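Biologist: I'm new to this one, so could you walk me through it and show your reasoning as you go?
Modeller: Happy to. Have a look first, then ask away.

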Amino acid sequence: MSGLTLDAICKSYGSAKVLHDISLSIEDGEFVVFVGPSGCGKSTLLKLIAGLEDVTSGRLEIGGRDVTGLEPVDRGIAMVFQSYALYPHLTVFDNIAFPLRLQKRPKDEIKRAVEKAAETLDLTARLTYKPGALSGGQRQRVAIGRAIVRNPQVFLFDEPLSNLDAALRGQMRVELSELHQTLKTTMIYVTHDQVEAMTMADRIVVLRDGVVEQFGTPMQLYRRPRTRFVAGFIGQPGMNFLPARVVGTEGGVTAEIAGGTRISIPVAAEGLASGDTVELGVRPEFLSLAGPERGMEAHVRLIERLGGVSLLHGTLADRTRIIASFDGLDEVPESGSVHLGFDPAQAQLFGPDGLAKPPLAAVGARQ
Ligand SMILES: Nc1ncnc2c1ncn2[C@@H]1O[C@H](COP(=O)(O)OP(=O)(O)OP(=O)(O)O)[C@@H](O)[C@H]1O
Ligand SMILES: [Mg+2]
């Protein structure tokens, strides 16, 4: 049992409150990603879990055990940082063996543990190398090996891939996901890369200014973001936000967008009245070419061809910028104007408070 429970965790530095009342329940064996913009408190939260910083208030359990007051070494965790800090004068073997030597483990046990970790991480052929003779990805794997041999209950990663180039990042992302499948140990992984969050996580915690905006599976965050912030953070390219005005609240919300197009969105109208300013959220991949009677007119500014997909960058009548994503093989006009349509059930509607209005189907299901 090595789940984690964070109960009303707060952290202040002097008078600056950095984390506000964070409560999370992380399951045994889960891969949880903390994601959010720079300075939102991701590393601080990880350090509190590791015991490298003390909580200001709140309670922390690992594997059902209260660890709030315990030293880092007594918490059963291993942490891997962005800067992997290997010992340059030691071989890969000795770097990985380091924590076990500190614990004065028997020699043959150390050898077995290091060889097993090296095999898992595909480092067997590099055990006699010094870090200077390794690539960035290999060095990061040595740092992970040093964490693995400690056989922790929970792995904590703080942006371990951010020093690597894009190609290596993509490769290491897959390797870390595979490592999790092999070890089945609880992992908490900090990043500000939403692609890493989407692809690696069982569940994602979106943090903003020290507050949890949403905790859910990648697809929950993608399909049903609770706030405009989460909606804008998850998805690549990001969601389009179209300024709109409420013109009806019967059986959903009817909103008028640029050029006078009226769209009825099947979401709860609670708290909204005609005349209110709202935003329609539509993902680029949910837009398609439509006839003039159904779609909104967009002036084509640029087409980006990525191969598999083409991105149309356009401008609406009110100068709102919009991105639509098409299959790379689709015929897409290179200039002039197009009409873009979408299925209203795929759209989100955000009130003036930035909260997404719940879909009517979900409201009905609750009653
Ligand atoms: N030791 C400290 N003393 C005072 N303030 C701190 C300290 N450590 C962090 N902070 C503040 O806490 C906030 C959160 O910092 P943190 O390092 O957790 O952010 P982060 O989400 O990890 O950002 P990044 O993505 O840039 O790594 C920041 O405003 C930072 O200035
Ligand atoms: Mg950080």
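Biologist: What makes you say that strand E3 (residues 31-35) is mostly covered?
Modeller: Keep in mind that this is a predicted model. In E3, 5 of its 5 residues are buried, and a residue is called buried when its relative accessible area is under 20%.

Biologist: How do you know that both faces of E3 are covered?
Modeller: In a regular strand the side chains alternate between the two faces of the sheet. On one side of E3 sit Phe31, Val33 and Val35, and on the other Val32 and Phe34, and all of these are buried.

Biologist: Why is E3 said to pair with strand E8 (residues 186-191)?
Modeller: Pairing takes at least two bridges, and 5 bridges join E3 to E8. The two strands run parallel, with valine 32 standing opposite isoleucine 188 in E8.

Biologist: And what joins E3 to strand E9 (residues 203-208)?
Modeller: There, 4 bridges do the joining, and the strands run parallel. Valine 33 has isoleucine 204 in E9 as its bridge partner. With a cut-off of at least two bridges, the 4 bridges qualify E3 and E9 as a pair.

Biologist: Which way do the residues of strand E6 (residues 77-80) point?
Modeller: Ile77 and Met79 point one way, Ala78 and Val80 the other way, and all are buried. E6 also pairs with strand E7 (residues 154-158) in the parallel sense, over 4 bridges. One of the matches is valine 80, whose bridge partner in E7 is phenylalanine 157.

Biologist: Let's turn to another sheet. What makes strand E15 (288-289) and strand E18 (321-327) stand at the edges?
Modeller: The open sheet has 5 strands in the order E15-E19-E16-E17-E18, with antiparallel pairing. E15 and E18 each have a single partner strand, so one side of each is left without a neighbour in the sheet.

Biologist: How do you know that strand E16 (residues 296-305) and strand E19 (residues 337-341) pair?
Modeller: They share 4 bridges in the antiparallel sense, and the requirement is at least two. Alanine 298 has valine 338 in E19 as its bridge partner.

Biologist: Now the ligand. Which residues surround ligand 1?
Modeller: The shell is made of Tyr13, Val18, Pro37, Ser38, Gly39, Cys40, Gly41, Lys42, Ser43, Thr44, Glu159 and His192. By kind, these divide into 4 nonpolar, 6 polar and 2 charged. Helix H1 (residues 42-50) gives the most to this shell, with 3 residues.

Biologist: What makes the approach of serine 38 to ligand 1 a polar contact?
Modeller: The limit is 3.5 Å between N or O atoms. An oxygen atom of ligand 1 is 2.5 Å from an N or O atom in the side chain of serine 38, which is within that limit. The side chain of lysine 42 also qualifies, with an N or O atom 2.7 Å from an oxygen atom of ligand 1. For cysteine 40, a polar backbone atom is 3.2 Å from an oxygen atom of ligand 1.

Biologist: How much of ligand 1 does the protein cover?
Modeller: The protein covers 58% of the 640 Å² of accessible area that ligand 1 has on its own.

Biologist: Why is the link between arginine 59 and glutamate 61 called a salt bridge?
Modeller: Side chains of opposite charge can pair when their charged atoms come close. The cut-off is 4 Å, and the closest N and O atoms of arginine 59 and glutamate 61 are 2.9 Å apart, so the pair counts. Arg59, Glu61 and Asp66 are linked in a network of salt bridges, and the structure holds 16 salt bridges.

Biologist: How far apart in helix H3 (residues 107-120) are lysine 111 and glutamate 115?
Modeller: They are 4 residues apart, which separates them by about one helical turn. These two form a salt bridge, the closest N and O atoms being 3.2 Å apart. Lysine 111 is partly exposed at 45% relative accessible area, and glutamate 115 is partly exposed at 36%.

Biologist: Last one: why is arginine 262 called exposed?
Modeller: Its relative accessibility is 54%, and exposed means over 50%. Arginine 262 forms a salt bridge with glutamate 256, the closest N and O atoms being 2.9 Å apart. Glutamate 256, at 21%, is partly exposed, because buried would need a value under 20%.

Terms used:
Residues numbered from 1 in each chain as written. Chains lettered and ligands numbered in written order. Predicted model: local features only at pLDDT ≥ 70, side-chain atom pairs only at ≥ 80, totals over all residues. Heavy atoms only, no water. Near = heavy atom within 4 Å. Polar contact = N/O pair within 3.5 Å; in protein donor to acceptor, adjacent residues only side chain to side chain. Areas by Shrake-Rupley, 256 points an atom, 1.4 Å probe, with all protein chains shown as cover. Nonpolar A, V, L, I, M, F, W, Y, C, P; charged D, E, K, R; others polar. Buried < 20%, exposed > 50% of the residue type's maximum accessible area, 1.4 Å probe, protein only. Salt bridge = Lys/Arg side-chain N within 4 Å of Asp/Glu carboxyl O.
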